[in-house]
Amino acid sequence: MIRGHARHPASVVLLSGIVLAAAVLRDAWPAETYPVKPIRLIVGFAPGGANDLVARAVAARLGPRLGQQVVVENRAGAGGNIGTELVARAAPDGYTLLLASVASFAMSPALLGKVPFDPINDFAPVIQTALVTSLLSMHPSLPARSLQQFVALAKRAPGKVNYATPGAGSIAHLSAELFWHTAGIKLNHIPYKGGAPAVVDAMAGHVESIFSLISTQTPHVRAGKLHALAVTSAKRSAALPQVPTIAESGYTGFEASGWLGLSFPAKTPRAIVDRVHKETVAVLKMPEVQAQFEDLGLDAEVLDPGAFHARIKADYAKWGKLVRDAGIKGGE
């Protein structure tokens with residue numbers, strides 16, 4: 001009978017050292033050689049929208065810093081979920097990157113109940129790049145000039161005051177529902193197919209108020225065609241710095257911002273994540289990028305991989321609870 005020989009202790013030590021060295025080299029080599037070919041940046045929405053424009057603004061400047069082209073690839077459909085699933089299933093080699101959004105990572109799972117990816121565990125977050133702020137405005141003819149006056153008006157006529165949004169299940173819609181719940185009021189939701197038609201009807205007085213992204217309302221607020229009441233972000237927006245936050249208006253701690261960021265598939269080497277994070281931070285500091293974000297009604301706000309991951313988990317829980325408590329269904 002052939003019996004196995006006991007391994008010599010010195011051999012065990014040597015083998016352990018080789019394994020450890022291999023692991024160190026495995027984690028370190030990408031920083032030295034990465035990237036060696038173009039990187040795909042997947043956007044789950046059609047060309048021309050804010051997500052696409054942010055991706056292109058970052059990609060055009062990130063490529064030269066990495067020494068390889070960053071190619072934006074639009075994979076629109078299912079509220080961003082098609083592109084998001086593509087990245088979740090991609091090889092974790094640093095060559096498939098996602099423009100991540102709160103819509104796909106937190107709101108779709110809440111509204112649909114099930115999506116074909118795990119927002120928490122299927123991705124390696126790289127960086128939060130921008131906050132997406134919603135704005136509550138009203139037609140100037142409405143007898144209110146502050147958020148508190150608007151809430152008092154709504155309380156006197158529960159379910160009678162209409163508000164427009166860019167669509168059911170949109171970030172503006174869910175932000176509105178969170179605020180109505182916080183303020184203890186009920187408004188009648190009028191969903192539109194996009195922000196532009198919602199703003200047109202709000203300016204015409206067909207709906208008394210509107211909750212939509214700040215980017216679609218800014219020029220009309222400046223022109224006096226809409227009266228801005230408050231923004232949903234924790235800080236005032238650079239686009240309309242005179243408009244207070246909801247928290248400043250008497251609802252301490254309220255915050256309902258969306259976000260955009262970059263994520264790799266899970267198990268992407270940390271050295272690659274750190275390299276792309278570092279170079280993207282440099283891109284976001286460029287004055288032309290900050291100006292472009294401001295034009296889109298976005299506020300550049302950077303979170304590192306750990307903090308970004310924590311935000312994803314927090315928002316996943318936050319929006320899931322709101323949807324359950326309010327009884328909102330996908331497509332309503």
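Which residues have the most contacts inside the largest nonpolar core? In this predicted model, they are Phe150, Phe179, Trp180 and Trp319, and the core they belong to has 51 residues. Helix α6, which spans residues 171-183, gives the most to this core, with seven residues. A second core, separate from that one, has 34 residues and includes Ala59, Ala124, Ile272 and Met286. In soluble globular proteins, nonpolar side chains tend to be buried together.

Trp180 shows what the contacts of one such residue look like. Leaving aside residues up to four places away in sequence, Trp180 touches Leu136, Phe150, Tyr163, Ile185, Leu187 and Phe211. Three of these names, Phe150, Tyr163 and Phe211, return in an aromatic cluster with Trp180. The cluster also takes in Phe179, Tyr251 and Phe254.

Across the whole structure, a search finds eleven aromatic pairs. One pair joins Phe179 and Phe254: the ring centres are 5.7 Å apart and the planes lie at 85 degrees, so the arrangement is edge-to-face, a class that requires planes over 60 degrees apart. The two partners come from distant parts of the chain, 75 residues apart. Phe179 sits in helix α6, while Phe254 is in the loop between β9 (227-231) and β10 (258-265). Phe179 has a relative accessible area of 0% and Phe254 has 7%. Both residues count as buried because each value is under 20%.

A ring elsewhere has a charged neighbour. Lys37 lies over the face of Tyr95, at 4.8 Å from the ring centre.

The next feature is the largest pocket, which holds about 870 Å³ of space. Its lining comprises 31 residues, and those nearest the pocket centre are Phe45, Asn51, Ala103, Ser170 and Ile171. Three elements give two or more residues to the lining of this pocket: α2 (50-66), α4 (102-112) and β10. Of the lining, α4 supplies the largest share, six residues.

The last stop is Glu279, in helix α9 (residues 270-284). Is Glu279 buried or exposed? Its relative accessible area is 8%, so Glu279 is buried, the cut-off being under 20%. Apart from residues up to four places away in sequence, Glu279 touches Leu62, Arg65 and Leu66. Leu66 is 213 residues from Glu279 along the chain, yet the C-alpha atoms of the two are separated by 7.4 Å.

Terms used:
Residues are numbered from 1 along each chain as its sequence is written. This is a predicted model: local features need pLDDT of at least 70, side-chain atom pairs count only at pLDDT 80 or more; totals for chains, interfaces and linings use all residues. Side-chain values use heavy atoms; hydrogens and water are left out. A nonpolar core is a set of buried Ala, Val, Leu, Ile, Met, Phe, Trp, Tyr and Cys residues joined through side-chain atoms within 4.5 Å. Buried means under 20% relative accessible area, exposed over 50%, partly exposed in between (1.4 Å probe, protein chains only). Helices (H or I, at least four residues) and strands (E, at least two) are DSSP runs, numbered from the N terminus. Contact means heavy atoms within 4.5 Å. Rings of Phe, Tyr and Trp (its six-membered ring) pair if their centres lie within 6.5 Å; planes under 30 degrees apart count as stacked, over 60 as edge-to-face and the rest as tilted. A charge sits over a ring if NZ of Lys or CZ of Arg is within 6 Å of the ring centre and within 35 degrees of the ring normal. On a 1 Å grid over the protein atoms alone, a cavity is a set of points where a 1.4 Å probe fits but cannot get out, and a pocket is an open set with protein on both sides within 12 Å along at least five of seven lines; lining residues have an atom within 4 Å of a point. Grid points are joined across faces, edges and corners, and a volume is the space filled by probe spheres set on the points.
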